[in-house]
Amino acid sequence: MVTPSGGGQLNIPSGIAFIESFAYIANAGSNAYTQCNVGPLGIRPSTCNTVIPTGSGVLNSPGGIAFNHGYAYIVNVNGNSYTQCEVDNYGVLHVDSCNTITPSGAGVLNMPRSIGFSGSYAYIVNGGDNSYTQCNVATSGIDLNSCSKVTPSGLGALHGPFEVAFNGNYVYFTNGFSNLPENSYTQCSVNNNLIEPSSCNTVTPVSPGALMIPVGIAFSGSYAYIVNHADDAGFPPLGGNYTQCNVNNSGIDSASCDTITLPAGILNLPGGVAIH
């Protein structure tokens, strides 16, 4: 486990994303983000710098972070909003450009946990009401007038959704932050970059691939990696581990999932995962 110090100190890290040669980590505990250089061996902790946006771009318990066509998007769990910032061609986020936006009407947010993009659409996960908000994306960013909320139901219902990730013809939501953690993921088909909510199916893997408060999910080749916020069912939660699953043309093969607990101290209540 690496713990950046000094000007790059983390405070309840809640999301991570990469762009060019930089990593950006959202800090829910300090309403900030941390920017680090990335080298051949990964993140270089000595280069990390934590930034607290102010004014119109202030963060409010930030969650997931994602990049799309020259902009960074950070969702604010407590503010029911997202913050949009300009990013240059080198991957540098310009904090003076940040603007925090609170959608209303049909696109209102409810404890947004993460954000993902597919084609010209943005998808924001609402942990507060088990839904996602879908918006068109224009050259200037998210088109607020296009946003609408979708609540999958039945066998594809979300349960305290946390992370969203696209892979091939499918999208995945981790379900781990309801009052009673569902310890599942929801898989939905994607057609022309649009999620098909009627296709959604919620899956609860069993031992040896059981989940425990699943938060992050990422893909590499034919594998999915789901990060579990804890490896102990008690309160408060403790530890943390990850679940590795095979991925085929039908999506994640839940029967192949295997949960792996690393030696003590390597993971400590992880909040997300990204592969670079």
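The nonpolar cores, pockets and salt bridge of a predicted model are described below.

The largest nonpolar core comprises 16 residues, and Tyr24, Phe67 and Leu93 have the most contacts inside it. Six strands each supply at least two residues of this core, namely β1, β2 (22–27), β6, β7 (71–76), β8 (81–87) and β9 (93–101). The most is given by β2, with three residues. When residues up to four places away in sequence are left aside, Tyr24 touches Gly15, Ile16, Ala17 and Ile19, then Tyr33, Thr34 and Gln35, and further along the chain Ile65, Phe67, Gly91, Val92 and Leu93. Two of these partners, Phe67 and Leu93, are named with Tyr24 as the residues with the most contacts inside the core. A second core, separate from this one, has 15 residues, among them Val75, Tyr82, Ile124 and Val137.

Two pockets were examined. The largest has a volume of about 1,500 Å³. Its lining consists of 41 residues, and those nearest the centre are Pro13, Leu267, Pro270, Gly271 and Gly272. Two or more lining residues come from each of β1 (13–19), β4 (42–43), β6 (62–68) and β20 (223–228). Strand β1 provides the largest share of this lining, five residues. By residue class, the lining of the largest pocket contains 29 nonpolar, eleven polar and one charged residue.

The second largest pocket holds about 580 Å³ of space. A total of 27 residues line the second largest pocket, with Ile16, Ala17, Ile65, Val164 and Ala274 nearest its centre. Of these, Ile16, Ala17 and Ile65 are also touched by Tyr24. At least two lining residues are supplied by each of β1, β6, β10 (112–118), β14 (161–167) and β19 (214–220). The largest share here comes from β14, with six residues. The lining of the second largest pocket divides into 18 nonpolar, seven polar and two charged residues. Strands β1 and β6 thus appear in the lists for the largest pocket, for the second largest pocket and for the largest nonpolar core.

One salt bridge was counted in the model. Asp129 pairs with Lys149, and the closest N and O atoms are 2.7 Å apart. The two residues are 20 positions apart and link distant parts of the chain: Asp129 lies in the loop between β11 (121–126) and β12 (131–138), whereas Lys149 belongs to strand β13 (residues 141–150). Asp129 is partly exposed, at 26% relative accessibility. Lys149 is likewise partly exposed, with a relative accessible area of 27%.

Terms used: Residues numbered from 1 in each chain as written. Predicted model: local features only at pLDDT ≥ 70, side-chain atom pairs only at ≥ 80, totals over all residues. Heavy atoms only, no water. Salt bridge = Lys/Arg side-chain N within 4 Å of Asp/Glu carboxyl O. Helix = DSSP H or I, 4+ residues; strand = E, 2+ residues; numbered from the N terminus. Buried < 20%, exposed > 50% of the residue type's maximum accessible area, 1.4 Å probe, protein only. 1 Å grid on protein atoms, 1.4 Å probe; cavity = no way out; pocket = protein on both sides within 12 Å on 5 of 7 lines; lining within 4 Å. Points joined across faces, edges and corners; volume = space filled by probe spheres on them. Nonpolar A, V, L, I, M, F, W, Y, C, P; charged D, E, K, R; others polar. Core = buried A, V, L, I, M, F, W, Y, C linked by side-chain atoms within 4.5 Å. Contact = heavy atoms within 4.5 Å.
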